[in-house]
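Me: I would like to go through the terms used for this model and see what each of them rests on. Please set the values against the cut-offs.

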Amino acid sequence: MSKKRAATENESVGDVDALFQLALPEFTAARNALALRLKKGGHADQADAVKGLQKPPISAWTVNQLFWKHRGAFDQLLDAGQKFRTAQAAQLGGRSADLRGPLEARREALANLSKRAAQVLRDVGNSPSPDVMRRITTTLEALSTYGGLQGTPQPGRLSDDVDPPGFETLAALVPRVGDGNAPGPSRVLPFQAAPKKKARAGGKKDPQEQERERQAEEKARLAAAKAAVQHAEHALRDARKHAEQAEAQLKKAAARTKEAERDLLEIEKEKAAVDRRYEKAAADAEAARQDARGVAERAEAAAESVEDSERELEKARRELTALSD
C-alpha cells in the first residue's frame, strides 16, 4: 500500500469517527458530504461504504457519545467484562475464581454510564425515557460482553442498538484454558466459526479422531451451557435483589404517603378550627368597631351639648350683671 493511499484511508477513518460524534440531526448531511468528497477524490469504494452508513437511533447515538466523550468510564465497563470472561474461563477449567467481583464492577460501571447517558440526552433536549434508557443499558451490557473483539459491534460507530450475544456467540467469547493441572494462558477467541479439519484420504476420519472431535464439541457445548447458566443465575439474583429493594422502597413510600396523608388531615382540621376562630374574631372586631363608632358619635354630640350649655350660661351671667348695675 502506498503512503498516499494509507494516508487517505487514515484520514477517512478519522472522518468517519468524527461523523459519529456529531449531533444527531447533522449526521445525514455530513455523511453525504463526506461520501461525495471521497468520490470526487477518486475513492469510490470508501465513498460507497460511507454512503451506506445508517443514521443511528437516539439510544445508539448516546452510547457512541459515551464512548467518545466519557472514554475512561466506558473502558471501565469493557475491563469489567473482560475480567468476568476470564473468571468464567478459570471456573470452567476447574480453578477457583471470583465472579462476584467482576459482576459488581460491571454493575457499578453500568450505573455510572447510565447516569452519564441520561445527562447526554438532557444536554441535547431529549428526555431520558424508560424505553430509551432500557435500550442504552442493553447495548452497554452487550458491548461489555463482546469486549470490542474483532467481528463484533464496535463502540463509537454504532448504527443501531446491540442485542446481547446468543448462546453460540457466548460460547465463542469464553476464553479457552489449558488442560491438566497447569492451565495454559487464557485468551479470548474472536467470534467466528471454527475452521473445519481436512478429512483423511478417502473422505473418512479415523474413529479415534472422530471421538476426540465429538468429545471436544461436547466439552465446548457444556462449557458454554455452564457459562450461560451462571450468567442467567447472576442476572436472576440481581433481578431478585432489585425487586426486593424496589418492594422495600415501595413499602417505605406507602408508609410515608400514609403518614403524610394523616399529617395533611390534621393540618386541614387545624386549619378549619383556625378559620372558625378567625371568622369569630373578625365578627367580634367588626361589632366592636360598630360600638366604637356609636360611642364616638354620642361623645361628639355630648361635647357639642356642653359647648351650647356653656354659651347659654355665659349669656345668662352677662344679663344678670347688667340688671344688677
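Reply: Contact here means heavy atoms within 4.5 Å. By that criterion, residues 24 or more positions apart account for 64% of the contacts in the protein chain with a separation of 6 or more. The model is predicted.

Me: What makes up the chain, in terms of helices and strands?
Reply: The protein chain has 9 helices and 0 strands. Read from the N terminus, the order of elements is α-α-α-α-α-α-α-α-α.

Me: What share of the residues in the protein chain is buried?
Reply: Buried residues are 26% of the 325 residues. The protein chain exposes about 22100 Å², and carbon and sulfur atoms supply 54% of that area.

Me: Why is F74 called buried?
Reply: The cut-off for buried is under 20% relative accessible area. F74 has 0% relative accessibility, so F74 counts as buried. The residue lies in helix 5. Leaving out residues up to four places away in sequence, F74 touches V63, L66, F67, L113, L140, L143 and P155. One of these partners, L140, is 66 residues from F74 along the chain, and the two C-alpha atoms are separated by 8.9 Å.

Me: How do you know whether A60 is buried or exposed?
Reply: Buried requires under 20% and exposed over 50%. With a relative accessible area of 0%, A60 is therefore buried. A60 belongs to helix 4. Apart from its neighbours within four places in sequence, A60 is in contact with L158, D160 and D161. The C-alpha atoms of A60 and D161 are 5.2 Å apart, with the two positions 101 residues apart along the chain counted as their separation.

Me: And L24, which is found in a loop: why is L24 called buried?
Reply: The value for L24 is 14%, and the limit is under 20%, so L24 is buried. The loop in question runs between helix 1 (3-19) and helix 2 (27-40). Beyond four places in sequence, L24 touches K55, P56, P57, I58 and W61. For L24 and P56, 32 residues apart along the chain, the C-alpha separation is 7.9 Å.

Me: What makes A18 partly exposed?
Reply: Partly exposed covers the range between 20% and 50%. A18 has 38% relative accessibility, so A18 counts as partly exposed. A18 is placed in helix 1. From A18 to A30 the distance is 9.7 Å, C-alpha to C-alpha, and the two are 12 residues apart in sequence.

Me: Turning to helix pairs, why is helix 5 called roughly antiparallel to helix 6?
Reply: The axes of helix 5 and helix 6 (residues 100-123) come within 8 Å and cross at roughly 155 degrees. Angles over 145 degrees count as roughly antiparallel, and that makes helix 5 roughly antiparallel to helix 6. The crossing is left-handed. The contact involves A73, F74, Q76, L77, A80, K83 and F84 of helix 5, and P102, L103, A105, R106, A109, L110, N112, L113 and R116 of helix 6. By class these residues are 11 nonpolar, 2 polar and 3 charged.

Me: Why are helix 5 and helix 7 called oblique to each other?
Reply: Their axes come within 7 Å and cross at roughly 55 degrees. Roughly parallel needs an angle under 35 degrees, and roughly perpendicular runs from 65 to 115. Neither applies to the angle of roughly 55 degrees, so helix 5 and helix 7 are oblique. Their crossing is right-handed. F74, L77, L78, G81 and R85 of helix 5 make the contact with L140, L143, S144, T145 and Y146 of helix 7. The classes are 6 nonpolar, 3 polar and 1 charged.

Me: How do you know that helix 4 and helix 7 are oblique?
Reply: The axes of helix 4 (residues 58-69) and helix 7 (residues 130-146) cross at roughly 50 degrees and come within 9 Å. That angle is again outside the ranges for roughly parallel, under 35, and roughly perpendicular, 65 to 115, so the two helices are oblique. The crossing is right-handed. On the helix 4 side, I58, S59, T62, V63 and L66 meet V132, R135, I136, T139, L140 and L143 of helix 7. These residues divide into 7 nonpolar, 3 polar and 1 charged.

Definitions and conventions: Residues are numbered from 1 along each chain as its sequence is written. This is a predicted model: local features need pLDDT of at least 70, side-chain atom pairs count only at pLDDT 80 or more; totals for chains, interfaces and linings use all residues. Side-chain values use heavy atoms; hydrogens and water are left out. Axes are lines fitted to C-alpha atoms, for helices over the stretch in contact, and angles run from 0 to 180 degrees between N-to-C directions. Helices (H or I, at least four residues) and strands (E, at least two) are DSSP runs, numbered from the N terminus. A crossing is left-handed if the near helix is turned anticlockwise from the far one by less than a right angle, and right-handed if clockwise. Ala, Val, Leu, Ile, Met, Phe, Trp, Tyr, Cys and Pro count as nonpolar, Asp, Glu, Lys and Arg as charged, and the others, Gly among them, as polar. Buried means under 20% relative accessible area, exposed over 50%, partly exposed in between (1.4 Å probe, protein chains only). Accessible areas come from the Shrake-Rupley method with a 1.4 Å probe; for residues, only the protein chains shown count as cover.
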